[in-house]
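Me: Could you walk me through this structure, one question at a time? I am new to reading models like this.

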Amino acid sequence: MSTERHLVVDRIRCDGRGLCAEILPELVRLDDWGYPILKPGPVPEHLLPLAERAMADCPVLAIALRRR
Amino acid sequence: MSLVLLSAVVILGILSTQRVQGSFWPRFLTTGLHRNLALMTVVFLVLHVVTAVVDPYTNLGWAAALIPFSSYYRTFWLGLGVISFELLLAIVVTSLLRGFLGHRTWRVIHWLTYAAWPVGVVHGLGTGTDTFSAWMLAITGACIAGVGIALVWKVASGSSDPLADARATFRREAR
Amino acid sequence: MALLDQPDVLAPLPPVGLHFIEALDHSGLFGRGGASFPTGTKWRAVAQRSRGDAVIVVNGAEGEPQSKKDRMLMSTRPHLILDGAFIAARVLRARRIVLYIGEGYIAARDSMLRALAQRTEPERGIVSLAAAPARYVAGAESAAIHFINEGVATPTSAPPYPFELATLVQNVETLAHVAVLARTGAIPGTVLLTMAGGVARQGVIEVETGTTIAEAITRAGGPSVAPRAVLVGGYFGRWMDNDEARRLPVVRESGLGCGVVGILPMSRCPVCDVAAIMGYLAGESSAQCGPCFFGLRALADACTRIASQGSNPVALQRLERWAVEVRGRGACKHPDGAVIFLSSAMSVFAREFELHQSDHRLRQSA
């Protein structure tokens, strides 16, 4: 579907700061070293605002929402 | 007031880089506060500039507020304030447009904070009418101490990126 | 006619144009660098992006420790490789050719440079040499390009690469095949394998496509001791049971990677060997991504602990959990490769992993 958005992490830029997991725990959890593990699949409608906040709040702009 | 706010913003910014958090204090709270206080600071600074310009006693005019070192009243100290304010504007505007500018550009301009804050402090000391009153000195002292301590702590902690050393080693060896 | 039967002589290059890419498609030639990617498809993508300023990277980095075929080919068939590179430059309209040769491979490098000095084509003037750092990931496509552009062989994200110029990174063996195709109208239909471990004659052999691993082992003098398992594709490959491996045909679908076939004898402890290799792979992370650097290190440490202190169910579970979590969370394929290596080992050597004791006596079954 063209309206589907997916969370994508730039793995090299990501520093394991962890804000994404704080803001969006439904879709992001941290591994044993503080780096994000994303739940696969598109972002549900009701979580899109939080996903956009996670994208904006990431200190290194490593997480993004993409149209697949 | 602006000085206190600005100092708080700088301290929160430094804490953001050091990944500070507690059980009841998530990291996004530090960044969120930093951002909100920064915007509040801008509002207060605009008020500060406006009241200074329209003050009949100083007769500054708008030019003085926008062009550094163009006022007749305390030319040097006021000019510093204009510089500090304009630096802060650049920092805030680039932060709001961070998504479009990219991380690297945003970061370089954000470093200007380390110039904007001290220049603002000196401006306050130089133009204040009650600079040497006890409470004014106390407040200014506390602000400087606060930022100073945060900075020292940041420098002493070293890089907060757990990969920094390993990455540097690999880059050295993969040349 | 096999590659190693080709004479390595200097002869005028046949004329080639964009239509050569169709010939590549029809030949079914696939890359010999490890990814086994169809060569025609790769060239077409580069041709589409080329504005007459493409870059051809002749990949002779050979970072896989057990592989020897690229060095051997560079030392004995440099003109064939250069033929392929020049042909690529003409078809893809390149302005630059880079010989990316492993920094320690002096004989191979000298051979290539000597051959280059004998060339008379105009392409000779656009060739430069780059010494690939002796790191495992330095041979990866994105690492090669990054090294040439920025001086550091760090891999970047998987394709599509955000590079300015259209760039072809091609393994030396593949380029040799390209040269034979251009000259004779057909590819040799062979694959270079490096036979390693428990075979009578270790080293490089050339086998026809479709040959089984069993025949390849026979060609290498047969196993030197009773074999337990086979590592197909080097450290970036996977473990297979000896019986299953022997039946595997040398074709693109078999996923032979860079062609290393390592026979593990019964006499060696697989858990200890796997732990050592995991330690190596963890140390070769470029430390750009947390899950790779920390994850592989944790996996390697856990393997080493099992190898030196004995196994237990908790340790095995942790290995499995981390393996699942690390996969796909690096920018390049290095962590994925290491995880596949380990997962295949834990499957083939399930019993050994479960029962390993530090003194290599398997625990008596209850």
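Me: How many residues of chain B are in contact with chain C?
Reply: Happy to help, and keep in mind that this is a predicted model. Two residues count as in contact if their C-beta atoms lie within 7 Å. On the chain C side, twelve residues take part, and the number from chain B is eight.

Me: How do the residues on the side of chain B that touches chain C divide into nonpolar, polar and charged?
Reply: No polar residues are found on that side of chain B. The split is four nonpolar and four charged.

Me: Which residues of helix α7 of chain B are buried?
Reply: Let's place the helix before we list them: α7(B) covers residues 113-127 and has 15 residues. It reaches 21 Å from its first C-alpha to its last, close to the 21 Å expected. What covers its buried residues includes α1, α4 and α8 of chain B. The buried ones are Ala116(B), Trp117(B), Val119(B), Gly120(B), His123(B) and Gly124(B).

Me: Which element gives the largest share of the side of domain 2 of chain C that touches domain 3 of chain C?
Reply: Chain C is divided into three domains, with domain 2 at 190-265 and domain 3 at 270-355. The C-alpha centres of these two lie 23 Å apart, and their contact takes nine residues from domain 2 and ten from domain 3. On the domain 2 side, the elements giving two or more residues are β7 (227-232) and β8 (238-241) of chain C. The largest share, four residues, comes from β8(C).

Conventions: Residues are numbered from 1 along each chain as its sequence is written. Chains are lettered from A and ligands numbered from 1 in the order in which they are written. This is a predicted model: local features need pLDDT of at least 70, side-chain atom pairs count only at pLDDT 80 or more; totals for chains, interfaces and linings use all residues. The expected span of a helix is 1.5 Å times one less than its number of residues. A residue is buried if 20 or more other C-beta atoms lie within 10 Å of its own, exposed if 12 or fewer, and partly exposed in between; C-beta atoms are placed from the backbone. Domain bounds come from an automatic or database domain assignment. Ala, Val, Leu, Ile, Met, Phe, Trp, Tyr, Cys and Pro count as nonpolar, Asp, Glu, Lys and Arg as charged, and the others, Gly among them, as polar.
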